[in-house]
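Biologist: I am new to this structure and should be grateful for a close look at a single part of it. Please take one helix, with its neighbouring aromatic residues, and explain it in a connected way.

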Amino acid sequence: MDDPKTDYRQFFIEDTDFYNRIVLSFLLPQSLWVPLPRFFQTWLRNYIGGVLLYFISGFLWCFYIYYWKRNVYLPKDAIPSRRAMLLQIGVAMKAMPWYSLLPTISEYLTEIGWTKSFPRIDNVGWVAYVGYLAIYMVIVEFGIYWMHRELHDIKPLYKYLHATHHIYNKQNTLSPFAGLAFHPLDGILQALPHSLALFIVPVHFIAHLALLFIEGVWTANIHDCIHGKLWPVMGAGYHTIHHTTYRHNYGHYTIWMDWMFGTLRDPEEDEGKAM
């Protein structure tokens, strides 16, 4: 009987080659990327994709909230300076080559059959696909919550890694460009639960890659200081509190982990106390 992982491997390799061709052939001459080993082609594709996503999402969101809707969502004195945003961009660009390693390594380990990923939804069916994805997201939420919390609680980790991100601790220093402004190792550690979950639960690998890149958009959104009031989403209102108290709202997409572990602080309750 054929080993399903052996059958899957060819699909994973074909998918990786397809994504590499789409991105790299569109942006670079073939003489620059075709001679590279596949691993480095994949890293280069992830790096270019990450940079484009960071700048496109950041510029569009900043244009919308700071210029098009100026003074609608934020008072003038809460809008960050261009200098602050340029500093955030500089930190993120220094880290981006390292960030790009994580999805690249995940793809390589998936191609050689080390993870539980599957390449096509019809490999498991829609019901199993949705169930596995739900379990995957719970693992990611749990893992990111505790990784983030330990980056605060373990003093050397905070001092040498996470403090780089927390220099942005007021509304007029936070911007969508702060979303990826981390020490490289800090950013990798916080995304690591996405990759570790691949070894625990079967998940559609394309969904995994999509969720990793959605992180870029999500982190831009939660650093804009605008409280969306969409329960139970851990939006910017919650995350702004995190940047000002350092002891609350460590969660990722939802409030559930903070609620369960006693670190939730509601921005609407804060607003009520301030009135």
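Modeller: A residue is called buried when its relative accessible area is under 20%, and exposed when that area is over 50%. In helix 9, the residues that are buried include Phe-205, Ala-207, His-208, Leu-209, Leu-211, Leu-212, Glu-215, Gly-216, Trp-218, Thr-219 and Ala-220. The model is a predicted one. Its protein chain has a mean pLDDT of 91, with 96% of the residues at 70 or more. Confidence in the chain is highest in helix 6, at 97, and lowest in helix 12 (residues 267–274), at a mean of 66.

Helix 6 is the part chosen for the close look, and helix 9 is among the elements that cover its buried residues. The others in that cover include helix 7, helix 8, helix 10 (236–245) and helix 11. Helix 6 consists of 28 residues, and from its first C-alpha to its last it reaches 40 Å, close to the 40 Å expected at 1.5 Å a residue. Its buried residues include the aromatic Tyr-129, Tyr-136 and Tyr-145, and also Glu-141, His-148, Arg-149 and His-152.

Helix 9 may be set beside it. The 17 residues of helix 9 (residues 205–221) should span 24 Å at 1.5 Å a residue, and the end C-alpha atoms are 25 Å apart, which agrees. Helix 9 also has a kink of about 25°, centred on Glu-215, and Glu-215 is buried.

Tyr-145 of helix 6 leads to the aromatic residues. Its relative accessible area is 0%, so Tyr-145 is buried. The ring centres of Tyr-145 and Phe-261 are 5.4 Å apart and the planes stand at 25°, so this pair is stacked. Because Tyr-145 lies in helix 6 (residues 126–153) and Phe-261 in helix 11 (residues 256–261), the pair ties together parts that are 116 residues apart in sequence. Phe-261, at 32% relative accessibility, is partly exposed. Ring pairs link both residues into a cluster with Phe-142, Trp-146 and Tyr-250.

His-148, another buried residue of helix 6, is touched by His-239. His-239 is located in helix 10 and is buried, with a relative accessible area of 6%. Leaving aside residues up to four places away in sequence, His-239 also touches His-165, Ile-222, His-223 and Asn-249.

For context beyond helix 6, the count of aromatic pairs comes to 23. One of them is formed by Phe-59 and Phe-177, an edge-to-face pair at 5.2 Å centre to centre with 75° between the planes. Phe-59 lies in helix 3 and Phe-177 in the loop between helix 7 (155–160) and helix 8 (184–196), so this pair ties together parts that are 118 residues apart in sequence. Phe-177 is buried, at 2% relative accessibility, whereas Phe-59 is partly exposed, at 48%.

Phe-177 also belongs to the largest nonpolar core, which has 23 residues; Phe-177 is among those that touch the most other members, as are Tyr-54, Tyr-66 and Met-96. Two or more residues of this core come from helix 3 (38–68) and from helix 4 (82–99). Helix 4 gives the most, with six residues. Apart from this core lies another, of 16 residues, including Tyr-8, Phe-118, Ala-197 and Val-203.

Technical notes:
Residues are numbered from 1 along each chain as its sequence is written. This is a predicted model: local features need pLDDT of at least 70, side-chain atom pairs count only at pLDDT 80 or more; totals for chains, interfaces and linings use all residues. Side-chain values use heavy atoms; hydrogens and water are left out. A nonpolar core is a set of buried Ala, Val, Leu, Ile, Met, Phe, Trp, Tyr and Cys residues joined through side-chain atoms within 4.5 Å. Buried means under 20% relative accessible area, exposed over 50%, partly exposed in between (1.4 Å probe, protein chains only). Helices (H or I, at least four residues) and strands (E, at least two) are DSSP runs, numbered from the N terminus. Rings of Phe, Tyr and Trp (its six-membered ring) pair if their centres lie within 6.5 Å; planes under 30 degrees apart count as stacked, over 60 as edge-to-face and the rest as tilted. The expected span of a helix is 1.5 Å times one less than its number of residues. The bend at a residue is the angle between axes fitted to the seven residues ending there and the seven starting there. Contact means heavy atoms within 4.5 Å. pLDDT is the predictor's confidence in each residue, from 0 to 100.
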